[in-house]
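Reader: I'd like a close look at the salt bridges in this one. Could you walk me through which side chains pair up and where they sit?

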Amino acid sequence: MRSRIEDAVARDLLFPAWFENMLGPAAPPGKADDWLYTATDVVLYRLLHDVTSPADALGSPPQEQGHRRTLHDRLIVECANYRKP
């Protein structure tokens, strides 16, 4: 998955709206590896939890506590940090 994201970035391909809404248009300077790691986690989260929203990368927060909720919350925080100016 990560190599596909790296390839898309290298080829300057357009990402889906949900991807850019969550992670921004590109990795912040000096944070490419961390950004790619988080981007891979976001894509895997969507696949594993059947999130299909065209605009919201992670969908609604899970109501129950547990691994999925912890992962959802972590991704929200990490992605917000990448979108900071």
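Author: Here is a tour of the salt bridges, starting with the pair between two helices. Keep in mind that this is a predicted model. The count comes to five salt bridges.

Let's start with Asp 41 and Arg 74, whose side chains meet with N and O 2.9 Å apart. Asp 41 belongs to helix 3 (residues 32–48) and Arg 74 to helix 4 (residues 67–83), so this salt bridge ties together parts that are 33 residues apart in sequence. How buried or exposed are the two partners? Asp 41 has a relative accessible area of 15%, so it counts as buried, because the cut-off for that is under 20%. Arg 74, at 30%, is partly exposed.

Arg 74 also has a salt bridge with Glu 78, at 2.7 Å from N to O. Those two are both in helix 4, four residues apart, which means about one helical turn lies between them.

Helix 4 holds another pair with that kind of spacing: Arg 69 and Asp 73 are four residues apart there, or about one turn of the helix. They form a salt bridge too, and their closest N and O atoms are 3.4 Å apart. Both ends are partly exposed, with Arg 69 at 21% relative accessible area and Asp 73 at 35%.

Away from these pairs, have a look at Arg 2, Glu 6 and Asp 33, which are linked in a network of salt bridges.

As for why such contacts turn up, side chains of opposite charge can pair when their charged atoms come close.

Notes
Residues are numbered from 1 along each chain as its sequence is written. This is a predicted model: local features need pLDDT of at least 70, side-chain atom pairs count only at pLDDT 80 or more; totals for chains, interfaces and linings use all residues. Side-chain values use heavy atoms; hydrogens and water are left out. A salt bridge is a side-chain nitrogen of Lys or Arg within 4 Å of a carboxyl oxygen of Asp or Glu. Buried means under 20% relative accessible area, exposed over 50%, partly exposed in between (1.4 Å probe, protein chains only).
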